[in-house]
Amino acid sequence: MKEEEKERYFALVEEVRCHDHAYYVLANPTITDADYDRLYRELVDLEVAYPELCTPSSPSQRVGGQAVSEFPDHCHAVPMMSLDNTYSFEELDEFLVRVGKLLPDESLDWTVEPKIDGLAVSLRYEDGVLAVGVTRGDGVSGDDITSNLKTIRTIPLKLRGESLKVVEVRGEVFMSKMGFTKLNEKRRAEGEEPFANPRNAAAGSLKMLDSQAVAERPLGVFLYGLGEVSTEAPVPDTQVGVLDWLDQLGFPTPERIWTGRTHDDLVVSINELDADRHGLDYETDGAVIKLNSLALREQCGATAKAPRWAIAYKYAAEQAETVLKAITVQVGRTGALTPVAELEPISIAGSTVSRATLHNEEEIQRKDVRIGDTVVIEKAGEIIPAVVRVIQEKRPKGSKAYTLPKGCPECGTAADKAKGDVVWRCANPDCPAQIRGRLEHFCARGAMDIEGGGEVLVRQLVERGLVDNVGELYKLTVEEVASLDRMAEKSAQNFIEGLEASKERDLWRLVFGLGILHVGAGVAKSLCRRFTDMDQLMDATENQLVAIDDVGEVIAKSLHHWFGDSQNRKLIEVLRKSGLNFQSALYQEPSKAGPLSGKSLVLTGTLPNLKREEAVAKIEAAGGKVVGSVSKKTDYLVAGKDAGSKLAKAEKLSIEVIDEAHLIRLCDK
């Protein structure tokens with residue numbers, strides 16, 4: 001390689017990076033598309049000729065890489081906490097009073113930012129280069145989705161600043177309203193079910209296992225906070241300063257923020273944002289109020305789930321009046337009969353609504369909802385809006401109280417209701433609606449993540465008699481799928497390839513995908529941390545199940561009943577023969593003999609040698625559990641440099657405070 005070619009390459013990298021920032025972040029392109037394409041092609045050509053030049057921070061690395069079978073867990077260096085919500089200005093005032101009591105001698109000022117309706121993420125940069133991107137997860141750890149986040153053009157792969165050893169930033173990934181509309185138009189044209197709302201679309205996109213597919217989704221991001229930071233330069237000490245600093249580093253930040261000192265200042269700002277938010281090209285459902293001073297935040301501390309120095313003011317859900325023309329009943333995968341209001345179409349929250357959920361029979365009776373009523377509907381992010389109340393004075397004469405049919409509208413089987421339950425259920429497991437629901441659930445992103453396995457395809461598979469349980473999915477051929485309406489051979493091939501890829505999914509996804517009553521994704525993960533494989537789980541007694549975190553008596557009975565059913569056992573054997581993975585990657589060896597068995601520890605500050613994830617791994621290997629906040633149940637606080645409010649609270653509660661060396665001695669006993 002000639003020296004001038006090497007110099008030209010690095011000049012191109014910087015030039016393309018600057019043009020990307022101008023176009024995607026500033027929305028102010030400085031060259032034509034043709035000129036940009038010429039520069040980009042020249043850069044890629046040099047990387048093809050000299051592969052050693054290409055680094056993870058090259059602009060060419062945004063197109064996505066090889067698909068993965070699973071997202072690995074990644075521990076946050078600083079926990080990602082959620083926010084407490086408030087829905088009234090009176091509650092906002094109570095929040096301000098609470099903070100004032102925590103900081104009685106301080107003059108407080110606040111910021112107000114849009115609460116973006118997306119998916120929270122953390123981006124970690126090491127030596128200025130994006131090292132890892134993670135979802136919030138449970139706040140302590142999340143999914144490593146770095147390859148997917150790299151496809152978002154507004155996320156810098158390399159920061160502009162100098163001496164940036166570690167910079168961890170937090171923000172929200174969203175899908176623009178315009179991009180959401182175009183994506184759904186494309187999905188309908190291809191016979192796929194549309195996404196319910198931009199937030200679901202953004203979250204679903206980031207959880208796709210093929211980053212090349214993610215690169216085609218119209219995703220954006222705003223960054224607004226910090227996690228772990230280690231730089232030689234001083235870090236800003238206010239929220240306003242942090243946002244300015246993030247902007248200088250090359251991050252997109254909220255388009256506008258407000259500042260204020262008093263309750264009245266904040267009310268004005270919140271109302272201004274409410275008036276402006278519908279004109280934004282992304283969904284917002286509230287305003288986030290934050291203490292401006294980072295030092296005072298540290299003094300305020302946090303509860304187990306949320307900081308005490310911030311709160312989210314949620315705007316009232318949009319409501320509208322319309323006429324309820326009819327009530328239909330939907331049947332879910334568990335047989336639940338859900339009444340749905342068929343409405344005179346009306347525009348609300350930016351979309352036309354013609355259906356709204358009525359939840360269950362008791363809800364209909366409580367609200368006295370009748371066919372022909374004028375009703376108030378509300379849409380606050382739900383997939384199907386809800387009926388809030390009836391306008392009694394507009395009720396037509398002669399209307400009659402509604403009675404929920406006690407037979408399944410799909411198969412005619414008599415419905416029953418378990419003691420203590422409010423839901424009527426179809427008792428026929430072979431009901432076509434239940435079969436469709438189970439298949440859609442199995443194929444869903446959060447379960448087995450099978451591309452193309454949505455409502456449109458599943459309905460045809462069931463109606464054609466090709467599939468009546470999840471095991472039969474794996475017997476389908478490309479020719480059978482391609483013969484369905486609006487299903488091209490390429491789409492059929494993608495679906496079959498998706499089925500093949502799903503065989504490698506971890507066991508917890510399969511357990512969740514089976515649709516066992518009361519078993520959500522969290523419970524499935526807890527089960528798979530305790531059992532090494534499907535066989536162990538199937539043979540577990542109710543007592544063994546109840547002993548697991550997140551599993552109570554109701555869930556244990558449901559699991560025991562499901563695995564005890566002969567038909568379900570046959571289904572498991574079909575899935576085994578089809579080659580699905582029955583091993584759990586989440587399994588953790590019981591650590592009864594560990595020196596920290598049964599102990600609860602909290603980490604705070606920067607340890608001299610161990611990174612946070614290393615300390616967590618060491619504690620868990622010794623049988624201990626790491627939690628996010630100090631309480632009376634905490635056994636040890638592990639304190640490093642710059643320990644803050646957690647240290648003060650531990651001392652107040654007489655919790656034993658230890659350093660890294662002491663922790664290592666405890667773990668190695």
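Two residues are in contact here when heavy atoms of each lie within 4.5 Å. By that criterion, and leaving aside neighbours within four places in sequence, S558 is in contact with I516, L517 and H518. The model is a predicted one.

**Overall architecture**

The chain has 669 residues, of which 48% are buried. Its secondary structure comes to 25 helices and 22 strands. The radius of gyration is 27 Å, close to the 26 Å given by the globule rule for 669 residues, so the chain is as compact as a globular protein of that length. Taken along the principal axes, the C-alpha atoms fill a box of roughly 70 × 65 × 60 Å. Among contacts with a separation of 6 or more, 67% are between residues 24 or more positions apart.

**Nonpolar cores**

In soluble globular proteins, nonpolar side chains tend to be buried together. The largest nonpolar core in this chain holds 55 residues, and those touching the most other members are L473, F495, L510, L527, M534 and L545. A second core, separate from the largest, has 35 residues, including Y125, L164, M208 and V242.

The surroundings of F495 can be listed in full. Apart from neighbours within four places in sequence, F495 is in contact with I450, E451, G452, G453, L457, L461, L473, L476 and V481. Two of these partners, L457 and L461, are among the buried residues of helix α13.

**Helix α13**

Helix α13 spans residues 455-463, and its buried residues are L457, V458, Q460, L461 and V462. Those buried residues pack against α12 (432-443), α14 (470-473), α15 (478-482) and α16 (489-502). Just after α13, G465 takes a positive phi of about 75°. On the other side of the helix, the loop between α12 and α13 contains D449, whose phi is also positive, near 55°.

**Positive phi outside glycine**

D449 and H518 are residues other than glycine with positive phi, as set out below.

| Residue | Phi | Loop | Relative accessible area |
|---|---|---|---|
| D449 | near 55° | between α12 and α13 | 7%, buried |
| H518 | near 75° | between α17 (507-513) and α18 (521-530) | 43%, partly exposed |

D449 counts as buried because its relative accessible area of 7% is under the 20% cut-off. H518, at 43% relative accessibility, counts as partly exposed.

**Helices α21 and α22**

H518 is also one of the contact partners of S558. S558 is found in helix α21 and is buried, with a relative accessible area of 13%.

Helix α21 covers residues 553-564 and helix α22 covers residues 566-577; their axes come within 5 Å and cross at roughly 75°. The two helices are therefore roughly perpendicular to each other, because crossing angles of 65 to 115 degrees are placed in that class. On the α21 side, the contact is made by W562, F563 and G564, and on the α22 side by S566, N568, R569, L571 and I572. These residues divide into four nonpolar, three polar and one charged.

Key. Residues are numbered from 1 along each chain as its sequence is written. This is a predicted model: local features need pLDDT of at least 70, side-chain atom pairs count only at pLDDT 80 or more; totals for chains, interfaces and linings use all residues. Side-chain values use heavy atoms; hydrogens and water are left out. Buried means under 20% relative accessible area, exposed over 50%, partly exposed in between (1.4 Å probe, protein chains only). Helices (H or I, at least four residues) and strands (E, at least two) are DSSP runs, numbered from the N terminus. A nonpolar core is a set of buried Ala, Val, Leu, Ile, Met, Phe, Trp, Tyr and Cys residues joined through side-chain atoms within 4.5 Å. Axes are lines fitted to C-alpha atoms, for helices over the stretch in contact, and angles run from 0 to 180 degrees between N-to-C directions. Angles under 35 degrees count as roughly parallel, over 145 as roughly antiparallel, 65 to 115 as roughly perpendicular and the rest as oblique. Ala, Val, Leu, Ile, Met, Phe, Trp, Tyr, Cys and Pro count as nonpolar, Asp, Glu, Lys and Arg as charged, and the others, Gly among them, as polar. The radius of gyration is taken over C-alpha atoms; the globule rule is 2.2 Å times the number of residues to the power 0.38.
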